[in-house]
Amino acid sequence: MMEYSALEAIIKGRGTIHDWRTLVDVLNLSETMGRAGVGPEVLPICEKAQASLHKASGYYQTTMRVILDADGIQACRDLIEFADLQQSSIPRSEFERYIQKTKDYIKSRGDKVVEIE
């Protein structure tokens, strides 16, 4: 439940880059699973969470604080909830394959990978 702790830290103003990265990892994995047909209804939530996390990265670059607005907090809460449902709907071995598939896709710099500088 690292993702819940990460979101809580950000909400309370104690969020770190590691917490932000945890949420990004959940986003990437859920998006990969959704695109493959495991809970595809998560994809609009992924878009909202991605926009919010991208906005938070820009804010961090100017303030050195990880901040999410109310919409971003809700999007991340929804994302975490859907991610839990996705993960519990498939066997662990299949989940592990999606983790590897997500890592490989990011490394390949696929067309849907968003670079944050």
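Is Glu-96 buried, exposed or partly exposed? In this predicted model, Glu-96 comes out at 35% relative accessibility, so it counts as partly exposed. That puts it between the cut-offs, since buried means under 20% and exposed means over 50%. Its salt-bridge partner, Arg-92, sits at 54% and therefore counts as exposed. The side chains of these two residues meet with N and O 2.6 Å apart. Both belong to helix H5, which covers residues 92-107, and they are 4 residues apart, or about one turn of the helix.

That pairing brings up the other salt bridges. The structure holds 5 of them, and two more can be described here. In one, the side chains of Glu-8 and Lys-12 come together at 3.6 Å, N to O. Glu-8 has a relative accessible area of 35%, so partly exposed is the right label for it. In the other, Asp-69 pairs up with Lys-55, and the closest N and O atoms are 2.8 Å apart. This pair ties together distant parts of the chain: Asp-69 is in the loop between helix H3 (43-63) and H4, Lys-55 is in helix H3, and 14 residues separate them. Asp-69 is partly exposed, because its relative accessibility is 31%. Lys-55, with a relative accessible area of 54%, is exposed.

Now for the start of the chain. Helix H1 runs over residues 2-11, and its buried residues are Glu-3, Ala-6, Leu-7, Ala-9 and Ile-10. Looking down the axis of H1, these buried residues fall within an arc of 160°, so they line one face of the helix. What do the buried residues of H1 pack against? Their neighbours are helix H2 (17-35) and helix H4 (70-88). Just after H1 comes Gly-13, which takes a positive phi of about 85°.

Helix H2 also holds Ser-30. With a relative accessibility of 2%, Ser-30 counts as buried, because the cut-off is under 20%. Leaving aside residues up to four places away in sequence, Ser-30 touches Val-42, Cys-46, Leu-79, Ala-83 and Gln-86. One of these contacts, Val-42, deserves its own look. Val-42 lies in the loop between H2 and H3, and at 0% relative accessibility it counts as buried. With the same sequence neighbours left out, Val-42 touches Ser-30, Gly-34, Leu-79, Phe-82 and Gln-86. How far apart in space are Val-42 and Glu-31? The C-alpha to C-alpha distance is 7.2 Å, although the two residues are 11 apart in sequence.

Last up is a pocket. The second largest pocket has a volume of about 350 Å³. Its lining is made up of 17 residues, and those nearest the centre are Thr-22, Asp-25, Val-26, Leu-29 and Ile-99. The elements that give two or more residues to this lining are H1, H2, H4 and H5. Which element gives the largest share of the lining? That is H2, with 8 residues. Sorted by character, the lining of the second largest pocket has 7 nonpolar, 6 polar and 4 charged residues.

Terms used:
Residues numbered from 1 in each chain as written. Predicted model: local features only at pLDDT ≥ 70, side-chain atom pairs only at ≥ 80, totals over all residues. Heavy atoms only, no water. Buried < 20%, exposed > 50% of the residue type's maximum accessible area, 1.4 Å probe, protein only. Arc of directions from axis to C-beta. Contact = heavy atoms within 4.5 Å. Salt bridge = Lys/Arg side-chain N within 4 Å of Asp/Glu carboxyl O. 1 Å grid on protein atoms, 1.4 Å probe; cavity = no way out; pocket = protein on both sides within 12 Å on 5 of 7 lines; lining within 4 Å. Points joined across faces, edges and corners; volume = space filled by probe spheres on them. Nonpolar A, V, L, I, M, F, W, Y, C, P; charged D, E, K, R; others polar.
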